[in-house]
Amino acid sequence: MIPVNEAAVDFRGIMSLNESGKLLWDRLQEESTEKDLVETLLDAYDTTPEVAERDVSVFLDQLRAQNILQDAD
């Protein structure tokens, strides 16, 4: 992933994605809710809803912290 616009000015480093991160990133390329992302993980992995919700939350928080993701209005 490469930050663009204002995020590129402040970004220091490289962000790499593991398999589940790539799966979520790919899902974000289309209109998706947080619930959609949780369902994506539940469909792909043998995990619990609680773990999937936590993982999605952490992933989105990391993207927001780097200004890579902005919530829709």
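**Thr40 and the salt bridges**

Colleague: Is Thr40 buried or exposed?
Modeller: Thr40 has 14% relative accessibility. This is a predicted model: local features need pLDDT of at least 70, side-chain atom pairs count only at pLDDT 80 or more, and totals for chains, interfaces and linings use all residues. Residues are numbered from 1 along each chain as its sequence is written, and side-chain values use heavy atoms, leaving out hydrogens and water. Buried means under 20% relative accessible area, exposed over 50%, partly exposed in between (1.4 Å probe, protein chains only), so Thr40 counts as buried.

Colleague: Which residues does Thr40 touch, not counting residues up to four places away in sequence?
Modeller: Thr40 sits in helix α3, residues 34-44 (a helix is a DSSP run of H or I, at least four residues, numbered from the N terminus). Contact means heavy atoms within 4.5 Å. Beyond those sequence neighbours, Thr40 touches Leu23 and Arg27.

Colleague: How far apart, N to O, are Asp26 and Lys22 in their salt bridge?
Modeller: A salt bridge puts a side-chain nitrogen of Lys or Arg within 4 Å of a carboxyl oxygen of Asp or Glu. Asp26 and Lys22 are four residues apart in helix α2 (residues 19-28), so about one helical turn separates them. Asp26 is partly exposed at 37%, and Lys22 is partly exposed at 46%. Their N to O distance is 2.7 Å.

Colleague: Which residues do salt bridges that share partners join into one network?
Modeller: Set one pair aside: Asp61 and Arg64 lie three residues apart in helix α4 (residues 49-65). Salt bridges that share partners make one network of Arg27, Glu30 and Asp36.

Definitions and conventions
Helix = DSSP H or I, 4+ residues; strand = E, 2+ residues; numbered from the N terminus.
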